[in-house]
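Visitor: I'm new to reading protein models. Could you walk me through one, feature by feature?

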Amino acid sequence: GALLRWGLFDSALSKVGFYFQHFIFSNGTIDMGHWKDKWADLGDGQYNCTYPDGLTDHGRMLQLFADTVRYTRNETWMAQHIGAAARIGEYLLRARNESLVKFPQGDPRYGMIYGPAEHDTCSMGMGGMNGQPAQPLTDGQYMLYYFSVSMWSWRGMVELGTLLRDYPCDKADFAKPQCKMGRQLSATLLTEAQKFKADIDA
């Protein structure tokens, strides 16, 4: 982000491109490397950092991707890395769909994406509601509900959806399958983001 704002576009394109090329798994989640190692825990022994940093990173990376394209106006770079960004967008849609079937409408957790906001908040969040017990430990962590996870996920959906809408296929040098994917994904992300925001506000 700083490189983009200072106009150091070559360096920004190289670093952000490297990240999207090497650190986005095929299922759209982010490879956080050695943070997944086991660390001692003062409570229940050891935990495996399944979400070592936080699910907020997925939305943040989509905003960084969109900013990189908008600042540099480099559509060739966008075409090279749109596949990885699209995988994150599709992951967020899956997480959102899962959130709609876990609790009934009217429950404060309805539509909220489940999982920690950052590494240091794995034992806090929206736990037991309406007399229900708090969520159980998962890999030694409390996997709860955080507004920041849902807000950043919503933001990432809006950023990628808007970017794909603003750079249609007749402008960017995409292969035809990618063009079709981009139009469909943009519409799906923006439509779902509107519903998602209503649930977050509620």
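Visitor: Let me start with two residues, Glu-159 and Arg-155: which helix do they lie in, and how many residues apart are they?

Guide: Keep in mind that this is a predicted model. Both residues belong to helix α5, with their positions 4 residues apart, or about one turn of the helix. They also form a salt bridge, where the closest N and O atoms are 2.8 Å apart.

Visitor: Which other residue forms a salt bridge with Glu-159?

Guide: That would be Arg-70, with the closest N and O atoms 2.7 Å apart. This pair links distant parts of the chain: Glu-159 is in helix α5 (residues 147-166) while Arg-70 is in helix α3, 89 residues apart. Put the pieces together and you get a network of salt bridges linking Arg-70, Arg-155 and Glu-159.

Visitor: Are those three buried or exposed, or something in between?

Guide: The idea is to compare relative accessible area with a cut-off: under 20% is buried, over 50% is exposed, and in between is partly exposed. Glu-159 has 11%, so it counts as buried. Arg-70, at 28%, is partly exposed, and Arg-155 is partly exposed too, at 31%.

Visitor: How many salt bridges are there in total?

Guide: The count comes to 8. Another one of them joins Glu-192 to Arg-96, with 2.8 Å between the closest N and O atoms. Glu-192 sits in helix α6 (residues 176-201) and Arg-96 in helix α4 (residues 75-102), so this pair ties together parts that are 96 residues apart in sequence. Glu-192 is buried, with a relative accessible area of 12%, and Arg-96 is buried as well, at 1%.

Visitor: Back to α3, then. Why does the distance between its end C-alpha atoms agree with the expected span?

Guide: Try the arithmetic yourself. Each step along a helix is taken as 1.5 Å, and the number of steps is one less than the number of residues. For the 17 residues of α3 (residues 56-72) that gives an expected 24 Å, and the end C-alpha atoms are 25 Å apart, so the two agree.

Visitor: How many residues of α3 are buried, and what follows the helix?

Guide: Of its 17 residues, 13 are buried, so think of α3 as mostly covered. Next comes Arg-73, which has a positive phi, near 55°.

Visitor: What do I look at when two aromatic rings pair up?

Guide: You describe the pair by the distance of the centres and the angle of the planes. In this structure a search finds 5 aromatic pairs. One of them is Phe-20 with Phe-65: the centres are 5.1 Å apart and the planes are at 55°, a tilted pair. Phe-20 lies in helix α2 (residues 9-22) and Phe-65 in helix α3, so the pair ties together parts 45 residues apart in sequence. Phe-20 counts as buried at 2% relative accessibility, and Phe-65 is buried at 0%.

Visitor: Which residues form the aromatic cluster?

Guide: Phe-18, Tyr-19, Phe-20, Phe-23, Phe-65 and Trp-77 make up one cluster.

Visitor: One last thing: which residues have a charge over a ring?

Guide: Look at Arg-109, whose charged end sits over the ring of Phe-103, 3.9 Å from its centre. Then find Lys-197, which lies over the face of Trp-154 at 5.6 Å from the ring centre.

How values were computed: Residues are numbered from 1 along each chain as its sequence is written. This is a predicted model: local features need pLDDT of at least 70, side-chain atom pairs count only at pLDDT 80 or more; totals for chains, interfaces and linings use all residues. Side-chain values use heavy atoms; hydrogens and water are left out. Buried means under 20% relative accessible area, exposed over 50%, partly exposed in between (1.4 Å probe, protein chains only). A salt bridge is a side-chain nitrogen of Lys or Arg within 4 Å of a carboxyl oxygen of Asp or Glu. Rings of Phe, Tyr and Trp (its six-membered ring) pair if their centres lie within 6.5 Å; planes under 30 degrees apart count as stacked, over 60 as edge-to-face and the rest as tilted. A charge sits over a ring if NZ of Lys or CZ of Arg is within 6 Å of the ring centre and within 35 degrees of the ring normal.
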